[in-house]
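Me: Please take a close look at one part of this model. I would like a single connected account of a strand residue and what surrounds it.

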Amino acid sequence: MGLDFARDIPRLEVPTFFVTGRYDHTCVQDITFDYFQSLEAPVKRHYWFEKSGHEACYQEPDEFARIRTQEVVPLSEAWAVRQAAAIR
């Protein structure tokens with residue numbers, strides 16, 4: 001039967017970020033992007049790395065660092081603050 005992310009994990013309750021290398025032959029890009037589009041999550045983003053394969057964080061480290069510091073961290077922190085406020 002195997003794992004089918006769209007079927008088995010249709011929703012996540014946390015911010016979710018996908019990093020896909022355009023030349024990744026390990027994680028097929030179409031499958032990854034299709035799952036991203038179907039996934040329900042409070043915050044979700046998909047980032048294409050046009051010069052990378054499976055190891056985008058090593059192959060395009062500057063762009064990866066920029067996305068992490070300018071987008072992933074702020075979006076995640078804002079979500080966490082909203083969650084904490086909702087608990088109070």
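Reply: Strands here are DSSP runs of at least two residues marked E, numbered from the N terminus. The model is a predicted one. With that in hand, start at His46, which lies in strand E2. E2 spans residues 44-49.

Is His46 buried or exposed? His46 counts as buried because its relative accessibility is 14%, and buried means under 20%.

Now its surroundings. Leaving aside residues up to four places away in sequence, His46 touches Phe18, Thr20, Thr32, Phe33 and Phe36. One of these partners also makes a polar contact: the side chains of His46 and Thr20 are joined at 2.8 Å.

Next, the strand pairing. Strand E1 covers residues 16-21. E1 and E2 run parallel, and 6 bridges join them. Within this pairing, Val19 stands opposite Tyr47 of E2. The chain passes from E1 through H2 and on to E2. This β-α-β crossover is right-handed.

That brings in the helix. H2 comprises residues 29-38. Its buried residues are Gln29, Thr32, Tyr35 and Phe36. They sit on the same side of H2, because they cover an arc of only 135° around the axis. Asp30 and Ile31, on the other side of H2, are exposed. What covers the buried residues? The cover includes strands E1 and E2, along with helix H1, residues 5-8. Two of the buried H2 residues, Thr32 and Phe36, are also among the contacts of His46.

Finally, the cysteines. How many disulfides does the structure hold? The count is 0. Why is Cys27 not bonded to Cys57? Cys57 has the closest cysteine sulfur to that of Cys27, but the two are 12 Å apart, so they are too far for a bond. The cut-off for a disulfide is sulfur atoms within 2.5 Å. Seen from the other end, Cys57 is in no disulfide, and its nearest cysteine sulfur is that of Cys27. Cys27 counts as partly exposed because its relative accessibility is 36%. Cys57 is also partly exposed, at 31%.

To recap the strand residue: His46 is buried, has a polar contact with Thr20, and touches Thr32, Phe33 and Phe36, among others.

Terms used
Residues are numbered from 1 along each chain as its sequence is written. This is a predicted model: local features need pLDDT of at least 70, side-chain atom pairs count only at pLDDT 80 or more; totals for chains, interfaces and linings use all residues. Side-chain values use heavy atoms; hydrogens and water are left out. Buried means under 20% relative accessible area, exposed over 50%, partly exposed in between (1.4 Å probe, protein chains only). Helices (H or I, at least four residues) and strands (E, at least two) are DSSP runs, numbered from the N terminus. The arc is that of the directions from the helix axis to the C-beta atoms. Contact means heavy atoms within 4.5 Å. A polar contact is a pair of N or O atoms within 3.5 Å; within protein, one must be able to donate a hydrogen and the other to accept it, and residues adjacent in sequence count only if both atoms are side-chain atoms. Two strands pair if DSSP finds at least two bridges between them. A crossover is right-handed if, with the strands pointing away from the viewer, the path from the first strand over the helix to the second runs clockwise.
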